[in-house]
Amino acid sequence: CHSGTGLDLPFTHSAYGGVTTDDNPCHSMGDVRLFSGCQDEGTSADATSGYGQPGGAMTTAFLEVASQRLPLVQMLQQLQGILRQRGFAQQAQLSTSQYIDTQSSTFSLCEGIVGNSNAMLG
């Protein structure tokens, strides 16, 4: 499992629309977005997919909602809902290399990539 700071990204977005900024951020030039299965102090659980295959609880939920083209905040809310519905206590989260508006940004593997707009790199 990757915890919330798997890449030490400066911005962490919650399922409720809030964002926190790391006290000592290290900004990269990339547009990086990390969905993690738990917060640093949490533990990610194993689960079984709808096909009977083993996998992570958050990964299984992620695969169910990733194709829906939801705003990122709604995607996080759906992930949390699926995890709760299945009895998992872990808190999925989204960390990013730059500030993004999770109300209007949607998830896509190939679309919506933007140049880094951080005022400072490094």
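Reader: Which residues does Leu-83 touch, not counting residues up to four places away in sequence?
Author: Happy to start there, with a note that this is a predicted model, where local features need pLDDT of at least 70, side-chain atom pairs count only at pLDDT 80 or more, and totals for chains, interfaces and linings use all residues. Residues are numbered from 1 along each chain as its sequence is written, and side-chain values use heavy atoms, with hydrogens and water left out. A contact here means heavy atoms within 4.5 Å. With residues up to four places away in sequence set aside, the partners of Leu-83 are Ala-57, Met-58, Phe-88, Gln-90 and Ala-92.

Reader: Is Leu-83 buried or exposed?
Author: Leu-83 sits in helix α2; helices (H or I, at least four residues) and strands (E, at least two) are DSSP runs, numbered from the N terminus. Buried means under 20% relative accessible area, exposed over 50%, and partly exposed in between, using a 1.4 Å probe and protein chains only. Because its relative accessible area is 1%, Leu-83 is buried.

Reader: Nice. How far apart are the C-alpha atoms of Leu-83 and Thr-60?
Author: Along the chain, Leu-83 and Thr-60 are 23 residues apart. In space, their C-alpha atoms are separated by 9.4 Å.

Reader: What span should the 14 residues of α2 have at 1.5 Å a residue?
Author: The expected span of a helix is 1.5 Å times one less than its number of residues. The end C-alpha atoms of α2 are 20 Å apart, so they agree with the expected value for its 14 residues, 20 Å.

Reader: Which elements do the buried residues of α2 pack against?
Author: The buried set in α2 consists of Leu-72, Val-73, Met-75, Leu-76, Leu-79, Gln-80, Ile-82 and Leu-83. Their packing partners are β1 (11-13), β3 (33-36), α1 and β6 (93-96).

Reader: Let's look at β6. In which sense does β1 pair with β6?
Author: Two strands pair if DSSP finds at least two bridges between them. One bridge links His-13 to Leu-94 in β6. Over three bridges, β1 and β6 pair in a sense that is antiparallel.

Reader: And how many bridges join β3 to β6?
Author: Ser-36 has Gln-93 of β6 as its bridge partner. The two strands run antiparallel, and the number of bridges joining β3 to β6 is four.

Reader: Which residues of β6 are buried on the side away from Gln-93 and Ser-95?
Author: Both faces of β6 are covered. Gln-93 and Ser-95 are buried on one side, and on the other the buried residues are Leu-94 and Thr-96.

Reader: Which residues does Thr-102 touch, again not counting residues up to four places away in sequence?
Author: Thr-102 lies in the segment after β6, and it counts as buried because its relative accessibility is 4%. Beyond the sequence neighbours left out, it touches His-13, Pro-71, Leu-72, Val-73 and Leu-94.

Reader: Which residue other than glycine has a positive phi near 55°?
Author: Look in the loop between α1 (57-65) and α2 (72-85). The residue there is partly exposed because its relative accessible area is 42%. With a positive phi near 55°, the residue is Arg-69.

Reader: Finally, what pattern does the protein chain follow along the sequence?
Author: The protein chain has two helices and six strands. Buried residues make up 36% of its 122 residues. Read along the sequence, the pattern is β-β-β-β-β-α-α-β.
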